[in-house]
Amino acid sequence: MLEVKNARMLYGDLVAVDHLSFTIKPGDIFGLLGTNGAGKTTTFRMIMGLLEPTEGEILYNGSKVGYHNVNEIGYMIEERSLLTKVTVKELMLYFGQLKDMEPKVILERLDYWLERFNIVEYKNKKIKELSKGNQQKIQFISAIINNPKLLVLDEPFSGLDPINTELFVEVIRDFQKQGSMVVFSSHQLDHVESFCEELIVLEKGKAIIEGRIEQVKKDFKKQNIKIIGDVDVKMLEQIPGVYKVVENSDQILVKIESEDVAKDVFDYVKTCKNIMKYDVEQASLSEIFIAKVGQAHEKV
Ligand code: ATP
């Protein structure tokens, strides 16, 4: 279990992480989201024991991360700064041996992962000869080569195409199935929505959204009604509780303050002709994020 307990990190006067608490259990995939500078990387560095929190503590299976347990952890850093002049094989031997692994085991696992990531031909190529996406795969492999029980991934999906994103997701899910804990950061909220069950959204170091995604969505009362057909936007805008109407090329999106407003919108839609479809749906994580970040800024 990973326990982040009231962790606070100051860089001089700047509060990078402010009294942050969360727990990750075996088999959990946990998302740490937030805008640039929100405090994600700082949180990861504290988890890895690379930074000592100014206040609070972080425990991995009951103790701080240090020499005795760091071999159970895999960390993919945000900066894609691999040693570029060495080959993939040399790099992996270096990282694996840092984790006290036998060279034979490192090479066996490397072959497996190169195959799985469709990059077998790059084993003896220098890192600098690889494309950005393939370097990212190598960095990911270096984080998982030790079969970590805790996998810490800083922006693992940034810059990946959809096919490779799916490949990363499949591998992370396999670690989840084995009972590993996974914590990752991302800016890509819609992607996160389908990937992790629990999250924290940080803004200026503070958690502004936290919990299970379903619950976060339930707690956020605003919803959207999608309409395909001919409606009078002005009429919709006049319905109390409708706070925005967005006209897209193929549909109208009516944003409502709460569930109860839906009935009034439906009553109006039923009076219109040529309606092909109308439906209510919960707000997306992106919408919740934008609304909450806006509120957080208003409070400052
Ligand atoms: P990004 O998504 O842009 O990578 P992040 O959420 O990972 O951002 P951090 O890198 O943790 O954010 O930074 C949090 C805050 O702390 C920022 O305001 C940043 O400028 C500041 N910061 C980070 N590292 C240091 C440092 N070594 N010294 C001083 N300030 C720092």
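Me: Buried means under 20% relative accessible area, counting protein chains only. In this predicted model, how many of the eight residues of H1 are buried?

Reply: Helix H1 spans residues 40-47. Its buried residues are Lys40, Thr41, Thr42, Thr43, Phe44, Met46 and Ile47. The helix is thus mostly covered, and the number of its eight residues that are buried is seven.

Me: Which residue follows H1 with a positive phi?

Reply: H1 is residues 40-47, and among its buried residues is Ile47. The residue that follows the helix has a phi near 80°, and this residue is Gly49.

Me: Which element gives the largest share of the shell around the ligand?

Reply: The residues around the ligand number 13, and Gly37, Gly39, Lys40, Thr41 and Thr42 come nearest. Of these, Lys40, Thr41 and Thr42 are buried residues of H1. The largest share of the shell, three residues, is supplied by H1.

Me: How do the residues of the shell around the ligand divide into nonpolar, polar and charged?

Reply: Among the residues that come nearest to the ligand are Gly37, Gly39 and Lys40. Glycine counts as polar and lysine as charged in this grouping. Over the shell, the division is four nonpolar, seven polar and two charged.

Me: At what distance does a polar side-chain atom of Thr41 lie from an oxygen atom of the ligand?

Reply: Thr41 is one of the residues that come nearest to the ligand, and it is buried within H1. The polar side-chain atom of Thr41 and the ligand oxygen are separated by 2.7 Å.

Me: Which residue has a side-chain N or O atom 2.5 Å from an oxygen atom of the ligand?

Reply: Tyr11 places a polar side-chain atom 3.5 Å from a ligand nitrogen atom, and that contact does not involve a ligand oxygen. The 2.5 Å separation from a ligand oxygen belongs to the side chain of Thr42.

Me: What percentage of the area that the ligand exposes alone does the protein bury?

Reply: The ligand has polar side-chain contacts that include Thr42, at 2.5 Å from a ligand oxygen. Taken alone, the ligand exposes 640 Å², and the part of this that the protein buries is 63%.

Me: Is Pro26 buried or exposed?

Reply: Pro26 is located in the loop between strand S2 (14-24) and strand S3 (29-34). Exposed means over 50% relative accessible area. Because the value for Pro26 is 53%, this residue is exposed.

Me: How far apart in space are the C-alpha atoms of Pro26 and Gln176?

Reply: Contacts of Pro26 beyond four places in sequence are with Gly179, Ser180 and Met181. Gln176 is 150 residues from Pro26 in sequence, yet the C-alpha to C-alpha separation is 7.7 Å.

Me: Why does Ser180 count as buried?

Reply: Ser180 lies in the loop between helix H5 (162-177) and strand S7 (181-186). Residues in contact with Ser180 include Pro26, Gly27, Asp28 and Phe175. A residue is buried under 20% relative accessible area. Ser180 counts as buried because its relative accessibility is 4%.

Me: Which residue's backbone oxygen does the side chain of Ser180 reach?

Reply: Ser180 touches Pro148 and Lys149, among others. The side chain of Ser180 reaches a backbone oxygen at 2.9 Å, and this oxygen belongs to Pro148.

Me: At what relative accessibility does Asn69 count as buried?

Reply: Asn69 sits in the loop between strand S4 (55-60) and strand S5 (73-76). Beyond its neighbours within four places in sequence, it is in contact with Tyr60, Ser63 and Lys64. Asn69 counts as buried because its relative accessibility is 5%.

Me: Which helices are included in what covers the buried residues of H2?

Reply: Helix H2 comprises residues 88-98, of which Val88, Leu91, Met92, Leu93 and Gly96 are buried. Just after this helix, Asp100 adopts a positive phi of about 65°. The cover over the buried residues of H2 includes helix H3 (103-116) and helix H4 (132-144).

Me: How far apart do the C-alpha centres of domain 1 and domain 2 lie?

Reply: The domain assignment gives domain 1 as 2-212 and domain 2 as 223-282. The C-alpha atoms of the chain fill a box of roughly 75 × 45 × 30 Å along the principal axes. The C-alpha centres of the two domains are separated by 42 Å.

Key: Residues are numbered from 1 along each chain as its sequence is written. This is a predicted model: local features need pLDDT of at least 70, side-chain atom pairs count only at pLDDT 80 or more; totals for chains, interfaces and linings use all residues. Side-chain values use heavy atoms; hydrogens and water are left out. Domain bounds come from an automatic or database domain assignment. Helices (H or I, at least four residues) and strands (E, at least two) are DSSP runs, numbered from the N terminus. Buried means under 20% relative accessible area, exposed over 50%, partly exposed in between (1.4 Å probe, protein chains only). Contact means heavy atoms within 4.5 Å. A residue is near a molecule or strand if one of its heavy atoms lies within 4 Å of it. A polar contact is a pair of N or O atoms within 3.5 Å; within protein, one must be able to donate a hydrogen and the other to accept it, and residues adjacent in sequence count only if both atoms are side-chain atoms. Accessible areas come from the Shrake-Rupley method with a 1.4 Å probe; for residues, only the protein chains shown count as cover.
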